[in-house]
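Here are a few short exercises to help you find your way around a new structure. Try each task before you read the solution under it.

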Amino acid sequence: MTAHPVDSENTSRALASLRGLAVGDALGSQFFVPSNYQALQNGGLPPGVWQWTDDTEMACSVLAVLAAHGRIDQDALAMSFAEHHDFDRGYGPAVNRMLRLIRQEGADWRELAAGLFNGQGSWGNGAAMRVAPLGAWYAGDAEQATHQAEISAYTTHQHREAVVGAMAVAAMAALVADPDGPKDPSALLGAVLDLVPTSAVKAGIRRARDMLDYADVATVAAVLGCGRRTSAHDTVPFALWSAARHLDDYQQAFWTTAKAGGDVDTTCAIVGGIIAARPTGQPPAEWLERTEPLPLWVAAPAEA
């Protein structure tokens, strides 16, 4: 398949989503630092340059593979994950080991991913955290977004819940990025539900749709989860709830998501990537400036 040029509309949308994901990830990760807890409660910004984590690093590989191949090539994606793997970015131990074995010993990602957690595969939120830019790439074709997200998930996460979590995030980002997509939050989550298979993730999204009129984020997080168990079904429904309620307000979406606690960098990365998939959902300029730049191997030439 012919690769899309780097300045294509697909890439521009996906790169905007990636920036939003990186800001959410980097700023969200600051609130694991105890001295920044008061800033979180007050809606203040922590000092310094905010460094992103494995969420952004892996999302960069997703976009790089899309730009090079025009679709998800699993072998290329697994190799990109391994080649760009930075141990200090906060990867989980299972993925750390997997990517090291691929990079250093030429191990087969299929065997490694399938063998995780006694052969069940990982049901963690790692496949969902990185996939919003893929959804933005496929704006207007949410069905294809879910298909490509499924393919992308299997390179590291082969438990069905993790796969469906990635499919749901990609579907939502594709719908949000589509100028003709659903504008009503309930209709938007309903469209996502139509695109994902039966699973705990889907059941959680259904509950999230039923809770769209709840303003108390603590109550919603208590029901849906907010990533404290780092599973897909404990993470994705809440992130989609938060994004659906703040489709044109990145700043408010971020604070709502972050104040729930839990796996803050990942929930904020998912929400940030979804919101930023549409032109009206970009992060504040100051937040972009204070976030660590994207790596040169994925950034557009104008940013390199």
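**Exercise 1.** Work out how many helices and how many strands the protein chain has.

*Solution.* Keep in mind that this is a predicted model. Go along the chain and count: you get 17 helices and zero strands.

**Exercise 2.** Decide whether the radius of gyration of the protein chain agrees or disagrees with that of a compact globule.

*Solution.* Start with the length, 304 residues. For that length, a compact globule would have a radius of gyration near 19 Å. The protein chain has 17 Å, which agrees. For the outer dimensions, take the principal axes: the C-alpha atoms fill a box of roughly 50 × 45 × 40 Å.

**Exercise 3.** Find what share of the residues counts as buried, and what carbon and sulfur atoms supply of the exposed area.

*Solution.* Buried means under 20% relative accessible area. By that cut-off, 60% of the 304 residues are buried. Now turn to the outside: the chain exposes about 11900 Å², and carbon and sulfur atoms supply 50% of this area.

**Exercise 4.** Locate Thr230 and say whether Thr230 is buried, partly exposed or exposed.

*Solution.* First, the place: Thr230 lies in the loop between helix H13 (217-224) and helix H14 (236-245). Next, the backbone: phi of Thr230 is near 55°, a positive value in a residue other than glycine. Most residues other than glycine have a negative phi. Last, the cover: Thr230 has a relative accessible area of 42%, so Thr230 is partly exposed.

Technical notes:
Residues numbered from 1 in each chain as written. Predicted model: local features only at pLDDT ≥ 70, side-chain atom pairs only at ≥ 80, totals over all residues. Heavy atoms only, no water. Helix = DSSP H or I, 4+ residues; strand = E, 2+ residues; numbered from the N terminus. Rg over C-alpha atoms; globule rule 2.2 N^0.38 Å. Buried < 20%, exposed > 50% of the residue type's maximum accessible area, 1.4 Å probe, protein only. Areas by Shrake-Rupley, 256 points an atom, 1.4 Å probe, with all protein chains shown as cover.
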